[in-house]
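I opened this notebook page to look up charged side-chain pairs. My aim was to record which partners meet and how accessible each one is.

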Amino acid sequence: MGLLPVEIKVNVEGDVPGALSALGSSRGVLTSRRIWFAEDQQGAAEGRVPLLDNGVIVRFRLGGGSEDLTVKLRPCDRDQLVGRFSDPFQAGPFTYRIEEDWSSNRRVLAASLVRDCPPGTLGGAVEPGADAAAAMDAVQDQFLHACAPSVPLDGLAALGPVMSTEIDDVPLDDLEVDLEVWSVTGLEFLEASIRVKPKDEDDRETFTERAERKQRKLEEAVRERGVALSEHPENKTRRVLTALVEAGGRPT
């Protein structure tokens, strides 16, 4: 496996509508969706998030004219990614990505297998009482069993929905930025992100330096527009899942 793309994220809290306006969200392409996360049913009932604690994320996205189911390992190690999952691939309806995930001074490796589905495919899996694990395709099941074999996947319940608004390709100085708002159980987050891809001539040092410059540019572009960056130590997925578990799996 060679150099990997880097997804760079900054998070905003507080006045999310004001931040969206300051960052020029009206110039992007907007998509609204609902998101559910699957967790171990017994663990969630006890106020825990065992899948997430083991680095496994199972995410359903519905709306916007399409649906998808993602299984992700984050954080993970390259040694975990074995067999066909040791390198990225695209073979419809699957997209398998391996990339670095940077947020502030935290850098982790993430591997995600996304399955695109026709509208109406996943709704039953996120209903109360449904086994969310049953919606996973054989390839996704193989991915988790091969790369996270110690994580139990029986008896999963869908927690949500989280209301998501994505605004893609927002010009911010010389960057093209994707914005995403998550709203649930009294919480509202705004994430701004960019992806940096390696070039053919890059070595590890050159690519890392270029990604670090892009990270500084993104942070500076957000701050220069009067938007404060979140200093919360936990990422938005953990905060949202924790809030959903505390609310009994459904927003209040």
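I first took the total: the predicted model holds 16 salt bridges. I then examined individual pairs.

**Entry 1, Glu-7 and Arg-195.** I found the side chains of Glu-7 and Arg-195 joined in a salt bridge, with an N to O distance of 3.6 Å. I noted that this pair links distant parts of the chain, since Glu-7 belongs to strand E1 (residues 6-12) and Arg-195 to strand E10 (residues 187-196), 188 residues apart. I then checked accessibility. Glu-7 has 11% relative accessibility and is therefore buried, the cut-off being under 20%. Arg-195, at 44%, is partly exposed.

**Entry 2, Lys-9 and Asp-101.** I looked up Lys-9 next and found a salt bridge to Asp-101, with 3.0 Å between the closest N and O atoms. This pair also links distant parts of the chain: Lys-9 lies in strand E1 and Asp-101 in strand E6 (residues 94-103), with their positions 92 residues apart. I asked whether Lys-9 is buried or exposed. Lys-9 is buried, at a relative accessible area of 10%. Asp-101 counts as buried as well, at 9% relative accessibility.

**Entry 3, Glu-46 and Arg-48.** I recorded a salt bridge between the side chains of Glu-46 and Arg-48 at 2.8 Å, N to O. Glu-46 is partly exposed, with 47% relative accessibility. Arg-48 is likewise partly exposed, its relative accessible area being 38%.

**Entry 4, a network.** I asked which residues are joined into one network by salt bridges that share partners. They are Arg-33, Arg-61, Asp-68 and Glu-166.

Terms used
Residues numbered from 1 in each chain as written. Predicted model: local features only at pLDDT ≥ 70, side-chain atom pairs only at ≥ 80, totals over all residues. Heavy atoms only, no water. Helix = DSSP H or I, 4+ residues; strand = E, 2+ residues; numbered from the N terminus. Buried < 20%, exposed > 50% of the residue type's maximum accessible area, 1.4 Å probe, protein only.
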